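Subject: Structure handover

Hello,

Here is the structure for you to look at. My notes come after it.

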Amino acid sequence: MLEAVNVRYEYHGGKVALDGVDLQVREGEVVALMGSNGAGKTTLMKVLVGLLRPKSGKVVLDGSEISELSSKEVARRIGYVPQIADSLFFLESVREEMRYALRNFGIGDADHRVEFLLERFGLSELRDRSPFSLSGGQKKRLSIAVVLAWDPKYVLLDEPTLGQDKSGREAIAWTIESLRREGRGVVVATHDVEFVSELDPQVTLLSSGRVLASGQAYEVLSDEKLMKSANLLPPQSVIISKQLTRLGIRTTHRVNELVSSIATLMRCKEFGDKHR
Ligand SMILES: Nc1ncnc2c1ncn2[C@@H]1O[C@H](COP(=O)(O)OP(=O)(O)O)[C@@H](O)[C@H]1O
Ligand SMILES: [Mg+2]
């Protein structure tokens with residue numbers, strides 16, 4: 001388990017970005033860290049991976065405080081994909097970036113793994129291009145592929161859907177789901193309520209550096225008061241499912257179930273019209 005315990009963080013100048021935050025992610029679990037701009041998501045990700053040291057509280061990685069582990073050991077076990085992906089790249093080609101990541105941690109069979117990951121992220125055609133010439137969405141996918149190259153047990157993704165088109169979002173959703181199935185712990189910092197609604201993870205909701213709520217996605221996303229106080233809009237599917245519930249139709253927020261409830265309703269109406 002990767003765990004933040006009562007973490008407080010202050011930037012120079014006294015800005016309190018995290019104020020007594022607890023967060024836990026277990027192996028095989030996805031946690032969405034949600035909150036509007038400035039809520040403290042990125043700061044918490046950096047604290048979790050040891051890039052920022054909390055003023056008080058601690059981060060515990062599988063039973064050891066990370067302040068007692070070497071930065072290489074932490075990086076080997078926690079893969080962190082920052083919000084701005086560019087900062088990870090420094091080599092001439094996409095393939096070289098991937099190879100370097102593997103060599104750095106002494107992982108064998110590099111070529112096979114590099115090709116597998118490039119394929120998985122739709123980057124095979126771009127393997128000889130400079131990372132800096134890629135689009136924002138491609139850079140983001142490359143940065144996730146680089147981090148996965150060394151097989152970390154925990155993966156932290158900061159705003160992974162930012163700048164992604166439909167297929168990019170699908171690739172990221174699919175990746176998160178497979179990381180979970182492989183037994184890794186994943187933390188996704190995001191204010192993308194639509195993405196979280198489809199992913200259906202555990203949610204921790206941050207506002208002004210404090211945890212407002214933790215729970216299953218639908219529980220949190222459908223709480224209008226809570227979402228309003230976090231300065232987030234509920235996802236469209238939650239708004240529609242609530243309106244259907246008010247009409248006496250039991251359904252869920254999942255898009256395919258919403259569609260089948262609506263289809264059933266329409267068939268009932270057609271049947272009623274015919275037999276009137
Ligand atoms: N380097 C910094 N120096 C001072 N304040 C910062 C710095 N980085 C972030 N902050 C402030 O800390 C708070 C949390 O920021 P951040 O963690 O980036 O939020 P989020 O990722 O949720 O948008 C914000 O009020 C932000 O302005
Ligand atoms: Mg951020």
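The notes below cover the conventions, the two domains, the ligand site and the salt bridges.

This is a predicted model, in which local features need pLDDT of at least 70 and side-chain atom pairs count only at pLDDT 80 or more, while totals for chains, interfaces and linings use all residues. Residues are numbered from 1 along each chain as its sequence is written, chains are lettered from A and ligands numbered from 1 in the order in which they are written, and side-chain values use heavy atoms, with hydrogens and water left out.

Domains

The domain assignment splits the protein chain into domain 1 (2–221) and domain 2 (235–276); such bounds come from an automatic or database domain assignment. Their C-alpha centres are 37 Å apart. Contact (heavy atoms within 4.5 Å) involves 7 residues of domain 1 and 8 residues of domain 2.

The two domains bury about 710 Å² between them, with 50% of it on carbon and sulfur atoms. Buried area here is the accessible area (1.4 Å probe) that two parts lose on being put together, summed over both. Of the area that domain 1 buries against domain 2, Glu 194, Ser 197 and Tyr 218 supply 58%, more than any other three residues.

Between the domains there are 0 salt bridges (a side-chain nitrogen of Lys or Arg within 4 Å of a carboxyl oxygen of Asp or Glu). There are 3 residue pairs in polar contact between them, both residues at pLDDT 80 or more. A polar contact is a pair of N or O atoms within 3.5 Å; within protein, one must be able to donate a hydrogen and the other to accept it, and residues adjacent in sequence count only if both atoms are side-chain atoms.

On the side of domain 1 that touches domain 2, helix H7 (193–199) and helix H8 (217–221) each supply at least two residues. H7 gives the most, with 4 residues. Helices (H or I, at least four residues) and strands (E, at least two) are DSSP runs, numbered from the N terminus.

Ligand 1

The residues around ligand 1 (a heavy atom within 4 Å) include Tyr 11, Lys 15, Gly 40, Lys 41 and Thr 42. Oxygen atoms of ligand 1 lie 3.4 Å from a side-chain N or O atom of Lys 15, 3.0 Å from a backbone N or O atom of Gly 40 and 2.8 Å from a polar side-chain atom of Thr 42.

Salt bridges

The count comes to 21 salt bridges. One of them joins the side chains of Asp 62 and Lys 153 (2.8 Å, N to O). These two residues are 91 residues apart, Asp 62 in the loop between strand E4 (56–61) and strand E5 (64–65) and Lys 153 in the loop between helix H5 (136–149) and strand E7 (154–158).

Regards
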